[in-house]
Amino acid sequence: MSQVTFHARPHAGVWHVHCFFLRDFVMNAERTNRGFSLVEMLVTVLVLGMVIAFSVPAFQSFGNTHRLHGATLNMSENLRVLREKAMATGQSQTMHFGTTPYPPGKTWLYHVHNGISVPAGWDLPRGITFQTIGINPTFDKTGRTQGGATGMIVLRNRRGERDTVNILASGMILVQ
Ligand SMILES: [Zn+2]
């Protein structure tokens, strides 16, 4: 400010053009220090609104993609653990997938189902559904699928993105 006062003061009785404009500029800046005008406030709100409008959908899509990947990885891990259980116990293990929850009273969209026993099951995250249920695998004590069955489970999210869990006859579980 002291510099401004110095420049704003007429020098030897004449205004330098440069100093004149500088003074004008600085005085304008001082005026705005009193607060925000309504227009400035509206512009700020508008810009903020645009920033939020553009970033929220991007953030949601980020969440959708991550939920899909997370659901797929969880499912493949559950299948691998089930296969290892079959090999460790010598008892065949079956996984069932479904578009409606099972058993009654549970929200499970896929579950372990051996005989009449349903010892475990899992939900899918919000917005994640089955696109394709190509196999309800049974792993035998060798870790292979019963009858050499092979097939894929495809998950999708609300944006139509898809992830695939491939189950091979060898019992290998691949995520694509
Ligand atoms: Zn079942």
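Guide: Two strands count as paired when DSSP finds at least two bridges between them. Keep that rule in mind as we walk through this predicted model.

Visitor: What makes S2 and S3 a pair?

Guide: S2 and S3 share 4 bridges, and the rule asks for at least two, so they are called paired. Their sense is antiparallel. Within this pairing, Tyr110 stands opposite Trp122 in S3.

Visitor: Which sheet do they belong to, and in what order do its strands lie?

Guide: They are part of an open sheet of 4 strands, ordered S3-S2-S1-S5 and paired in the antiparallel sense.

Visitor: What makes S3 and S5 edge strands?

Guide: Strand S3 (117-122) and strand S5 (138-139) each pair on one side only.

Visitor: Where does Pro103 lie, and how is it joined to Tyr102?

Guide: Pro103 is in the loop between strand S1 (93-97) and strand S2 (110-114). A cis peptide bond joins Tyr102 and Pro103, with omega about -5°.

Visitor: How many helices and strands does the protein have?

Guide: There are 3 helices and 8 strands. From the N terminus on, the elements run α-α-α-β-β-β-β-β-β-β-β.

Visitor: What is the order of the other sheet, the one with S4 in it?

Guide: That open sheet has 4 strands in the order S4-S6-S7-S8, with antiparallel pairing. Strand S4 (129-133) and S8 have a single partner strand each, so one side of each has no neighbour in the sheet. On average, neighbouring strands here are turned by 20° against each other, direction ignored.

Visitor: How do we know that S7 pairs with S6 and with S8?

Guide: We count bridges. Strand S6 (residues 151-156) and S7 have 6 of them, while S7 and strand S8 (residues 173-175) are joined by 3. The cut-off is at least two, so both count as pairs. Met152 stands opposite Asn166 in S7, and in S8 the bridge partner of Asn166 is Leu174. Another match is Val154, opposite Thr164 in S7.

Visitor: Which glycines take a positive phi in the hairpins?

Guide: In the hairpin of S6 and S7, Gly160 has a positive phi near 85°. In the hairpin of S7 and S8, Gly171 has one near 95°. Each hairpin has 5 residues between its strands.

Visitor: Why do side chains alternate along a strand?

Guide: In a regular strand, side chains point in turn to the two faces of the sheet. In S7 (residues 162-167), Asp163, Val165 and Ile167 point to one face and are buried. Arg162, Thr164 and Asn166 point to the other face and are not buried. Being called buried takes 20 or more other C-beta atoms within 10 Å of the residue's own.

Visitor: What is the span of H3, and how is it set against the expected one?

Guide: H3 has 52 residues and reaches 74 Å from its first C-alpha to its last. The expected span is 1.5 Å times one less than the number of residues, here 76 Å, and the model is close to that. Right after H3 comes Gly90, with a positive phi near 75°.

Visitor: Which strands does H3 (residues 38-89) lie across, and which do its buried residues pack against?

Guide: H3 lies across S1, S2, S3 and S5, running at about 155° to S1. Its buried residues, among them Leu68, Met75 and Leu82, pack against S1, S2, S5, S6, S7 and S8.

Note on methods: Residues are numbered from 1 along each chain as its sequence is written. This is a predicted model: local features need pLDDT of at least 70, side-chain atom pairs count only at pLDDT 80 or more; totals for chains, interfaces and linings use all residues. A residue is buried if 20 or more other C-beta atoms lie within 10 Å of its own, exposed if 12 or fewer, and partly exposed in between; C-beta atoms are placed from the backbone. Helices (H or I, at least four residues) and strands (E, at least two) are DSSP runs, numbered from the N terminus. Two residues are in contact if their C-beta atoms, placed from the backbone, lie within 7 Å. Axes are lines fitted to C-alpha atoms, for helices over the stretch in contact, and angles run from 0 to 180 degrees between N-to-C directions.
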